[in-house]
Amino acid sequence: MADLVYERVSTDQQSTARQNLVLDEAGIEDPVVFEEDGGTSSRLHPLQRPKFRALLDYARPGDTVHISEIFRLRG
């Protein structure tokens, strides 16, 4: 069973540092991270985002998906 992490920022000037901090504080060890390229539009439905699709393709029964804030999936 794997811990899968999805990260996304809205602009190229932002970083995932805050998201990493939240997930580190949750005690997730050795996650498999799927990070969208900076500036991936929040207007895209999550299923249209390359890294989120990759996460879904990678996920297996028993894996846990972690997202620092639910609005990261907003589309």
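1. Before anything else, a word on terms: helices and strands here are DSSP runs, numbered from the N terminus, with at least four residues for a helix and at least two for a strand. Keep in mind, too, that you're looking at a predicted model. With that in hand, read the protein chain from its N terminus and you get the order β-α-β-α-β. That comes to two helices and three strands.

2. Now the overall build. The radius of gyration of the protein chain is 12 Å, close to the 11 Å that the globule rule gives for 75 residues, so the chain is as compact as a globular protein of that length. If you want a feel for its dimensions, the C-alpha trace spans about 30 × 25 × 15 Å along its principal axes.

3. How do distant parts of the sequence meet? Take the contacts in the protein chain between residues at least 6 apart in sequence: 73% of them join residues at least 24 apart.

4. Which residues make up the largest nonpolar core? There are six: Ala2, Leu4, Tyr6, Phe34, Phe52 and Leu55. Strand S1 (3-7) and helix H2 (50-58) are the elements that give two or more residues to this core. As background, nonpolar side chains in soluble globular proteins tend to be buried together.

5. Ala2 deserves a second look. Besides belonging to that core, Ala2 touches Asp63 and Thr64, leaving aside residues up to four places away in sequence. Ala2 and Pro61 are 59 residues apart in sequence, yet their C-alpha atoms are 9.5 Å apart in space.

6. While we're at Pro61: find this residue in the loop between H2 and strand S3 (64-67). Is Pro61 buried or exposed? Its relative accessibility is 81%, and the cut-off for exposed is over 50%, so Pro61 counts as exposed.

7. Asp30 is another loop residue to click on, sitting between helix H1 (17-25) and strand S2 (32-35). Asp30 has a positive phi of about 50°, although it isn't a glycine. With 71% relative accessibility, Asp30 also counts as exposed, because that value is over 50%.

8. Last, the surface and the charges. Buried residues make up 31% of the 75 residues in the protein chain. The accessible surface comes to about 4,900 Å², and 50% of that belongs to carbon and sulfur atoms. As for charges, the chain has 9 positive and 13 negative ones, and the mean positions of the two sets are 11 Å apart.

Notes. Residues numbered from 1 in each chain as written. Predicted model: local features only at pLDDT ≥ 70, side-chain atom pairs only at ≥ 80, totals over all residues. Heavy atoms only, no water. Core = buried A, V, L, I, M, F, W, Y, C linked by side-chain atoms within 4.5 Å. Buried < 20%, exposed > 50% of the residue type's maximum accessible area, 1.4 Å probe, protein only. Contact = heavy atoms within 4.5 Å. Rg over C-alpha atoms; globule rule 2.2 N^0.38 Å. Areas by Shrake-Rupley, 256 points an atom, 1.4 Å probe, with all protein chains shown as cover. Lys, Arg positive; Asp, Glu negative; His and termini not counted. Charge placed at Lys NZ, Arg CZ, Asp CG, Glu CD.
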